[in-house]
Amino acid sequence: MGHAGMAAAAVRYLRSADAPPVQAPPRPALRCVGEDERAPVPQDEFRRVLGSFASGVVVVTAPAGTEPPHPPAGFACQSFSSLSLDPPLVAFMVGRTSATWPRIARAGVFCVNVLSAGQGGLCRAFAVSGADKFAGVAYDAAPVSGSPRLADTLAWIDCTIHAVHTGGDHLIVVGRVDALGVSDGDEPPLLFHKGHFLQPVRPPDRQAPVPPSPRTAKPPYR
């Protein structure tokens, strides 16, 4: 019996009446740092070390509202990840003090726009606070939520807010994926590392030709 057959037999056994009940392990004790305690890790050191982890960049958007009237919402986000395949879930993290998050929460839906390497300027535009972030930005409506789907991005994921959890000074927003798509191009992603955007590296078959050295170059025809 192969691995697949053994797994199927185990599932059938666990579903049968003869199977013993599965006891969930005890939940680990959780402890938060008290307000009168010093944090175990200095914040500057935390930022410096975690900045070593390169991440992609997305823009999370939400549609305009009518009660009260307000324009579309959006912000640049590095803390984004897929979460579950069945059901399809994604997650992003947003600061509790974000001025954009309440508008996304009020909409109840959002669209994740995965930025390409050439969209660093677009990322900066959505990283500011108080400005009209959509001025001069081309977009259409995502098919389910109606959230702005930015032009020329690598991919888009249209979502409904599924759950919101607390995580220190941030919120963990879980979205149920309703629709998604990817561009036809092969542009590399926008990556952020140690406070800077990384320069894209061409694949080996797309490397720019290396000019021959003077010793190996053939003389021009005359």
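**Close-up views of a predicted model**

**View A. A nonpolar patch around Val-41.** Val-41 sits in the loop that links helix H1 (3-15) and helix H2 (43-50). Keep in mind that this is a predicted model. With a relative accessibility of 42%, Val-41 counts as partly exposed. Together with Phe-46, Val-49 and Leu-50, Val-41 makes a nonpolar surface patch of about 360 Å².

**View B. A salt bridge within helix H2.** Here Glu-45 pairs with Arg-48 in a salt bridge, and their closest N and O atoms are 2.9 Å apart. Both residues belong to helix H2 and lie 3 residues apart, about one turn of the helix. Glu-45 is partly exposed at 34% relative accessibility, whereas Arg-48 is exposed at 56%.

**View C. The open sheet and its edges.** Welcome to the sheet: its 7 strands follow the order E5-E2-E8-E11-E12-E7-E6, with antiparallel pairing. Strands E5 (73-77) and E6 (80-84) stand at the edges with a single partner strand each, so one side of each has no neighbour in the sheet. On average, neighbouring strands are turned by 35° against each other, direction ignored. Helix H4 (residues 120-127) packs on the sheet, where it touches strands E2 (58-62) and E5, and its direction makes about 120° with that of E5.

**View D. The E11 and E12 pair.** Strands E11 (residues 155-167) and E12 (residues 170-182) run antiparallel and are joined by 12 bridges. Ala-163 stands opposite Val-174 in E12.

**View E. Two further salt bridges.** Arg-149 and Asp-140 form one salt bridge, with 2.9 Å between the closest N and O atoms. Arg-176 and Asp-178 meet in another, at 3.4 Å from N to O. Arg-176 is partly exposed at 35% relative accessible area, and Asp-178 is partly exposed at 30%.

Methods. Residues numbered from 1 in each chain as written. Predicted model: local features only at pLDDT ≥ 70, side-chain atom pairs only at ≥ 80, totals over all residues. Heavy atoms only, no water. Pairing = 2+ DSSP bridges. Helix = DSSP H or I, 4+ residues; strand = E, 2+ residues; numbered from the N terminus. Axes fitted to C-alpha atoms, helices over the stretch in contact; angles between N-to-C directions. Contact = heavy atoms within 4.5 Å. Patch = residues over 30% accessible without salt bridge, like charges linked within 9 Å, V, L, I, M, F, W, Y side chains within 5 Å. Areas by Shrake-Rupley, 256 points an atom, 1.4 Å probe, with all protein chains shown as cover. Salt bridge = Lys/Arg side-chain N within 4 Å of Asp/Glu carboxyl O. Buried < 20%, exposed > 50% of the residue type's maximum accessible area, 1.4 Å probe, protein only.
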